[in-house]
Amino acid sequence: RFQPAAGLMERIQAIAQNVSDIAVKVDQILQNSLMNGKGLEGRRDQCEVPRDPKYPDCSGKVEWMRARWTSDPCYAFFGVDGTECSFLIYLSEVEWFCPPLPWRNQTAAMPSSKPPARVQAAFRNNLSYLLELIGSGKESLIFMKKRIRHLASQWLLATHSLAQKLKGRQRDQKQILVHIGFLTEESGDVFSPRVLKGGPLGEMVQWADILAALFILGHSLKVTVSLKELQSNLGVPPGRGNCPLTVPLPFDLIYTDYHGLQQMKQHMGLSFKKYRCRVRVIDTFGTEPAYNLEEYATLHGYRTNWGYWNLNPKQFMTMFPHTPDNSFMGFVSEELNETERQFIKSNKASNMAVVYGKEASIWKKSTIQGKEKFLAILNKYMEIHGTVYYETQRPPEVPAFVKNHGLLPQHEFQQLLRKAKLFIGFGFPYEGPAPLEAIANGCIFLQSRFNPPHSSLNHEFFRGKPTSREVSSQHPYAEDFIGKPHVWTVDYNNSEEFEAAIKTIMRTKVDPYVPYEYTCEGMLERIHAYIQHQDFCAGPSLPLPEKPQGHAVPSSLSPFSLSPNATHLVWSHNASNTPSAWPPVSSMQVWVSEAGRACTETCQEHGLVCEPAFFQFINKKDVFLQLRMSCDSTESEMSHLYPAVAENVQECYLQKEPLLFSCAGYSTKYRRLCPCRSYQKGQVALCRDCL
């Protein structure tokens, strides 16, 4: 009867013995592990900071790590535990301030071998996957997707045309991250709530068009509008952003804005400096070189909230071609088909005007003094319409004689423009897409001339922006690049001039017009050319000159020759060792500015555009001498105005810092050497052979 119980007890005792044996073995393992650990810890604590002249910052960085390694969890993520060796392992294998430790397995720290083979980019003709990539959940994204769908047929026609021009040319597919920083919650996302309230849509128009162009060109895209997505795509380690990325950057290019640039700098640690050459910054108003270089901006009073990024100025991409120092990105202005053009011709009202601006604040912010006076004149001849947003309980402060439609959906706004004769600006907002949209719908754009021009020196709007540009009207591009009969720029404070312009405009007939560079095809061409030819990671192709000595004579080996009328230099067709540069040096001419004139203006006066990429070729004393400019002395210094000559004292100055080469800027003391180039008709960003 008790036999089973006795057998059970034996089994229980056997199990207990086994457990005891296991416990002893585990204890032995733990003891051995602890002893090994102590041995290793002793070894780790015995690490000494190496004295290697190739790594002069090593000891200072180790001291910093001793004091601050707990300040960011990312250090522990990379294995830092407070021991001397962990500091050295981190500083030699994650960062690069110390030499590799001889007892470490170096193959483990080595990056992976050769990069994967490049995939060839192929034009795409279906935008549905792009719309998925953009995502949803924000009014801004909904607006952008609607725009892409609306322009789809025009994008596809442009794609076909560009494919024919390129004739099957091979193009590497780029891995591209598009991070729209101003839409992130961390930057306030001020635009999304204002989409339905008449807020500025210019930035979203531009971003929608950039996304469409990159996708159609066949590149691989990731789109982020949140900081969390950005960190994930970049490989940011957990913590506060002091450590480098966990893996090599997987993107060839990153398109972002100033908000995104700041977020990247905060979270990429040392990797930001390493990879910033891959960044392209969508910058509405432009960043001039004097504001971009931190050291120079600080010393010479050009420091602002937006500048001092130390990028190549061509990495900033603008909405309009403000300054050739930056790259002109642009956007698309919708083209009409023949049926729509005929409809406009037969339905235009000669006495109908639409006011530029959807926010009620434009009636207060107007930069025009005494606007009631010119509005009264306009009202004598035309019916005035507005599209100002307002809430039902608070109508906007607009004059009673203005027929306000409230904020209109885009297609209804287009219909209004197609009926109207005149699109009139009050001086604000500056440089948006709406005037081009109006001109594309057959309107004449009327704007005020600013005298004196508006700039950061005399107008609050430009204060703090990284540019000294002087704006002569509400929309300088429309004034300078389009002009009459589509664009009229007059003095609104001169009643006679204003009234005469209104009368003439009523009698003037214009067809809808879109500058080629604002068509889908023009924008595709530009972005293709930039991706294929702009490489800011390679550094300057030619070294800057050493400080010249003595009174040199022009070299017989100079690649330049004097023009027949001796006014400027051109690149010699038979020059030996012509560099492989973009734009091609064959498009270059070298002119000398008058004192007090910028290179931008100097080149324009000769039907050319200033090209900052060419400064490196003319930053030589030989060039002064070939232009028959006397140099009693020649110095190499940092200035956004150099190379230049101070005429009164016949002193010549060469540029010491490549990031300061600038088409902008002038001084009454200097005549500047200006590298100019030709450009395609209607495509100022590209020279004739630049595609």
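Thr318 stands opposite Phe328 in strand 6. This is one detail of a predicted model, and it gives a place to start. Thr318 belongs to strand 5, which covers residues 316-318. Strand 5 and strand 6 pair in the parallel sense, and two bridges join them. Strands of a sheet pair through backbone hydrogen bonds, and the pairing can be parallel or antiparallel.

These two strands are part of an open sheet of six strands. Read across the sheet, the order is 2-1-3-4-5-6, with parallel pairing. Strand 2 (220-224) and strand 6 (327-328) stand at the edges with a single partner strand each, so one side of each has no neighbour in the sheet.

Before strand 2 in the chain comes helix 9, residues 202-216. Its 15 residues should span 21 Å at 1.5 Å a residue, and its end C-alpha atoms are 21 Å apart, so the two values agree. Of the 15 residues of helix 9, 14 are buried, so the helix is largely enclosed by the rest of the structure. Gly218 follows helix 9 and has a positive phi, near 95°.

Another glycine, Gly235, is found in the loop between helix 10 (227-234) and strand 3 (253-256). Gly235 counts as buried because its relative accessibility is 13%, and the cut-off for buried is under 20%. Leaving aside residues up to four places away in sequence, Gly235 touches Leu245 and Thr246. The C-alpha atoms of Gly235 and Leu249 are separated by 7.7 Å, although the two residues are 14 apart along the chain.

The next topic is the aromatic rings. The structure holds 41 aromatic pairs. A pair of aromatic rings is described by the distance of the centres and the angle of the planes. For Trp96 and Phe97 the centres are 6.3 Å apart and the planes are at 20°, so this pair is stacked. Trp96 has 42% relative accessibility and therefore counts as partly exposed, whereas Phe97, at 14%, counts as buried. Phe320 and Tyr518 form a tilted pair, with 5.6 Å from centre to centre and 45° between the planes. This pair links distant parts of the chain, since its residues are 198 apart. Phe320 lies in the loop between strand 5 and strand 6, and Tyr518 in the loop between helix 21 (495-507) and helix 22 (520-533). Both Phe320 and Tyr518 are buried.

Aromatic residues also form a cluster, made up of Phe285, Phe428, Tyr430, Phe450, Phe461 and Phe462. One of these rings has a charge over it: the charged end of Lys465 sits over the ring of Phe461, 4.1 Å from its centre. Elsewhere, Lys265 lies over the face of Trp309, at 5.4 Å from the ring centre.

Which residues of helix 18 (residues 410-419) are buried? They are Phe413, Gln414, Leu416, Leu417 and Arg418. Their cover includes helix 15 (338-347) and helix 19 (434-440). Strand 7 (352-355), strand 8 (383-386) and strand 10 (422-424) are also among the elements that cover them.

Further along the chain, strand 20 (residues 651-655) is mostly covered, with four of its five residues buried. Strand 20 pairs with strand 18 (residues 633-637) in the parallel sense, over five bridges. In this pairing Glu637 has Gln655 as its bridge partner in strand 20. Strand 19 (residues 644-646) runs antiparallel to strand 20, and three bridges join the two. Here the bridge partner of Ala646 is Glu651. Strand 19 and strand 20 form a hairpin with four residues between them. Gln650, in the turn of this hairpin, has a positive phi of about 55°.

The last step is to look at the whole chain. The secondary structure of the protein chain comes to 25 helices and 21 strands. The chain has 691 residues, and 51% of them are buried. Among contacts between residues at least 6 apart in sequence, 73% join residues at least 24 apart. The pair of Phe320 and Tyr518, 198 residues apart, is an example of a link between distant parts of the chain. The accessible surface of the chain comes to about 33,400 Å², and carbon and sulfur atoms account for 51% of that surface.

Technical notes
Residues are numbered from 1 along each chain as its sequence is written. This is a predicted model: local features need pLDDT of at least 70, side-chain atom pairs count only at pLDDT 80 or more; totals for chains, interfaces and linings use all residues. Side-chain values use heavy atoms; hydrogens and water are left out. Two strands pair if DSSP finds at least two bridges between them. Rings of Phe, Tyr and Trp (its six-membered ring) pair if their centres lie within 6.5 Å; planes under 30 degrees apart count as stacked, over 60 as edge-to-face and the rest as tilted. Buried means under 20% relative accessible area, exposed over 50%, partly exposed in between (1.4 Å probe, protein chains only). A charge sits over a ring if NZ of Lys or CZ of Arg is within 6 Å of the ring centre and within 35 degrees of the ring normal. Contact means heavy atoms within 4.5 Å. Accessible areas come from the Shrake-Rupley method with a 1.4 Å probe; for residues, only the protein chains shown count as cover. The expected span of a helix is 1.5 Å times one less than its number of residues.
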